[in-house]
Structure formats: C-alpha cells, structure tokens
Amino acid sequence: MPMDLPLVTVSRRGAERVRGGHVWIYRSDVVTADGVPPGSAVLVKQQGSKALLGTAFYSTASQIAVRMLSREALENIGNVLRQRVRAAVEYRKRLVRDTNAYRVIFSESDSLPGLIVDCYNDLLSMQVLNQAMDSETSRTAILSELQEILKPKAIIERSDARVRKLEQLPEKQSGLVAGEQTRTEFQMNGVRFIYDALSGQKTGAFLDQRENYAAAEQYARGEALDVFCYQGGFALHLARCCERVTGVDSSLSALEAAEANSKLNGREIEWIEANAFDLLRDYSDSGRQYDSIVLDPPAFAKTREKRDTALRGYKELNLRALKMLRPGGVLMTCSCSFHVSGNDLLEALGSAAGDAGRPVRVLELRGQAKDHPQVLGIPETAYLKCIISIVR
C-alpha cells in the first residue's frame, strides 16, 4: 500500500455509497481529512474500519469532496491517468461511426473525474472541472497522452468560470494549451459543420445528440420546425429529408453559426431569432401547422429544487407542439436535465397529449450517443432523454 498518500476517513453512509457503485462522497460524509492539500490523491477508509475503500481525488472546496479513482491502492497516479486516457480512446474506436467529432473523455464515465475532452476533426477541446485535474501532474499526464495518441493540430481549453470559482481555482481564460489552430471543419452523419473552438457553449457543439440527429432524419418529413436549434444540428439533418425547415433560437450568434453551416451544406433553412415559448404560443394560437417538430431545450432543472418548474416548462412546450402537428406528424422531444427522468418526460408528454386531445404513439425512447457512456451505479452519467413519437 502506498504510504505517502494522505488518508481520508468517511462515514458509513459514504462508504456504502461507494460499495453500491457510485464514485462520489459528499463533504457531509467526510469524517477526517486533516491537512490534505487541495486536489490531492488520497486513500479512503470507512471510520472505524481497517479495510481500504480505495484511492480517490480530494477537493477542499467542492461539496463532492471525494471522487473515487479505484477500489485499490494506486501507486503512480500519472501512469494511471495515462492508461485511462488510452482506454477511453480505444473505447471510442470500437463504437464511434460516421463522424470525426466525438467525446473522447467523459469524466466519471471514463474513470477520469472532472475531465471532459471532445475531438473535432483535428482539434481537441477540453474542460478541467476540479482541483485534482487542474494539478500540474494531471495536466502533464493527460496532455502528453492525448498528443501522443490522437496527434491533434491543437488542444484548446474551455474554461468554466463558475466551476473554477466553486473549486477555488484561479481564474483562467479559455485558450490554446497546445498548437496554434482554433478553427476547423467536422462532420456528423455526413453533415458538415464549421467549428470555432473559442465560441459557442461548453466545448463548442452538442455531440451527445449525434445519434439522435440521425434518428430524426429517419422519421421526419414534410415541413419541419427545430426549436432551440443552436447551431443547426437537428435542422441540417432534417433538411436532407424535409421539404422545408425552420430553426428557432434566442441566440443571434448561434443562428449566425447555423447559417454558415447551412451554406456549407448547400441547404436553404429559415432561421428565426425568438423566445421559443413566445413563438410556440403565437404559432399554435394562430393555427400554424407542421409535419415534424423537434424540441431540444437547454437544461430546465439544474437542481432538484427546479424539477417541478422544469416539468411545467416541458409540458408547455410539448402542448404547443402537439397542437401544431398535422395528423401523422412526428414529434421529437428532448431533455438534458439530469433531475428530470425519462419517466418524468414521458409523463409531461402524456399530460400535454391529454390536454391537446392528440393520441401519441411512441416510436423510440433514446438517450445520449455511445461516446457519452452511462455507467450503472452513477446515475448522473445518464442525463439526456429523447422521445420520438407520431401524433394521430
């Protein structure tokens, strides 16, 4: 057992959480962590027990104080991180198809807690989300391995100011950490996109919807409406199977990127800058009709306390959409709120269908793409829900 790692003891409740398959221990379950430096690798034991729970990263700031790395005592953290980067890349080689843009590392899902890495053709975009991954040891191991295996032209770090503040990390601007290039072109399912690594949300695009984009194209037809379209992911796929497509978003910069993407693909799409709730209310009240509608809103419930409010929002969106669909129309409705379950979204859709007087047949219940793997025992890794249905 490596004796140089600090020891953290946790309560029985925290230990049982780990034995049940989760990798988080909350600060309220930490019994002792005397003098443990921020972001340290630590050994974890249950209070009053000699048995080792494993090795973890420790945060002095986050409410998630302990993030487990292994059920064993690890000797060389840098080597472990390198091995896990390689394993994450190999996993994607097995499962990712029809794209050169995908998630390379998905934090706890790849046993690399607090690290997100996305590949966009020849560029990598990364986010560091806790003290441990921000350490020099972690950064050196991860960056060197990514460069050796994937050989990107550049690596860009997208800094999340809110998370860095919560983790008591120094302020850091988004920017290049390797190479010089910040723009490229990538494709998903044969659709081309322009990528600017220093603009847009999160790491730049919503790669978790890639397989759902293809599913939407399989079912959609006629005149289509893509609500919360962002940079045009759904709309551009719909444009290959629908007669007319309209995309709606409240962000002008996102719509400008969507327009550039539509030109790149030689597609004519109408882009509307508007508040989605207001537009759907106006359209449904005035009798506008569509054959296919996509609802892909941002997370309405970022905390458990926001769940009920979020459900009212999802019901309102779906009610308006159902009123606007012609008989036989296709509705694709999504939620990326972890605190809203798949059953919650189905109930919201069912309630909306009842109020609208429109019977709904469910075609598919879908989730995030395979490069965003869900891990049993860690429910937070399953966050994206997508329902495809036909309205009678």
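Which residues touch the most other members of the largest nonpolar core? In this predicted model, they are Phe186, Leu238 and Val245, within a core of 36 residues. At least two residues of this core come from each of strands S10 (154-157), S12 (183-188), S13 (191-196), S18 (325-335) and S20 (385-391), and from each of helices H5 (210-219), H6 (233-238) and H7 (252-264). Helix H6 gives the most, with 4 residues.

**Around the core**

Phe186 belongs to the covered face of S12, together with Thr184 and Met188. The uncovered face of S12 holds Arg183, Glu185 and Gln187. In a regular strand, side chains alternate between the two faces of the sheet. S12 pairs with S13 in the antiparallel sense over 6 bridges, and the bridge partner of Phe186 in S13 is Phe193. The two strands form a hairpin with 2 residues between them. Asn189, in the turn, has a positive phi of about 55 degrees.

Val245 is in contact with Ala224, Ala235, Leu238, Ala239, Ile269 and Glu270, leaving aside its neighbours within four places in sequence.

**A buried aspartate**

Asp226 lies in strand S14 (residues 223-227). Asp226 is buried yet has no salt bridge. The nearest side chain of opposite charge is that of Arg240, 13 Å away; a salt bridge would need a side-chain nitrogen within 4 Å of a carboxyl oxygen, so Arg240 does not qualify. Apart from neighbours within four places in sequence, Asp226 is in contact with Phe234, Ala235, Thr246, Gly247, Val248 and Val294.

**Helices H3 and H10**

For both helices, the expected span can be set beside the distance between the end C-alpha atoms.

| Helix | Residues | Expected span | End C-alpha distance |
|---|---|---|---|
| H3 | 136-150 (15 residues) | 21 Å | 21 Å |
| H10 | 342-356 (15 residues) | 21 Å | 21 Å |

The values agree for H3, and they agree for H10.

The buried residues of H10 are Asp344, Leu345, Ala348, Leu349, Ala352 and Ala353. An α-helix has 3.6 residues a turn, so residues three or four places apart point the same way. Helix H9 (307-324), S18, strand S19 (360-366) and S20 are among the elements that cover the buried residues of H10. Just after H10, Gly357 takes a positive phi of about 70 degrees.

In H3, the residues Ser138, Arg139, Ala141, Ile142, Leu143, Glu145 and Leu146 are buried. Lys151 follows H3 and has a positive phi, near 50 degrees.

How values were computed
Residues are numbered from 1 along each chain as its sequence is written. This is a predicted model: local features need pLDDT of at least 70, side-chain atom pairs count only at pLDDT 80 or more; totals for chains, interfaces and linings use all residues. Side-chain values use heavy atoms; hydrogens and water are left out. Buried means under 20% relative accessible area, exposed over 50%, partly exposed in between (1.4 Å probe, protein chains only). Lys and Arg count as positive and Asp and Glu as negative; His and the chain ends are not counted. Contact means heavy atoms within 4.5 Å. A nonpolar core is a set of buried Ala, Val, Leu, Ile, Met, Phe, Trp, Tyr and Cys residues joined through side-chain atoms within 4.5 Å. The expected span of a helix is 1.5 Å times one less than its number of residues. Two strands pair if DSSP finds at least two bridges between them.
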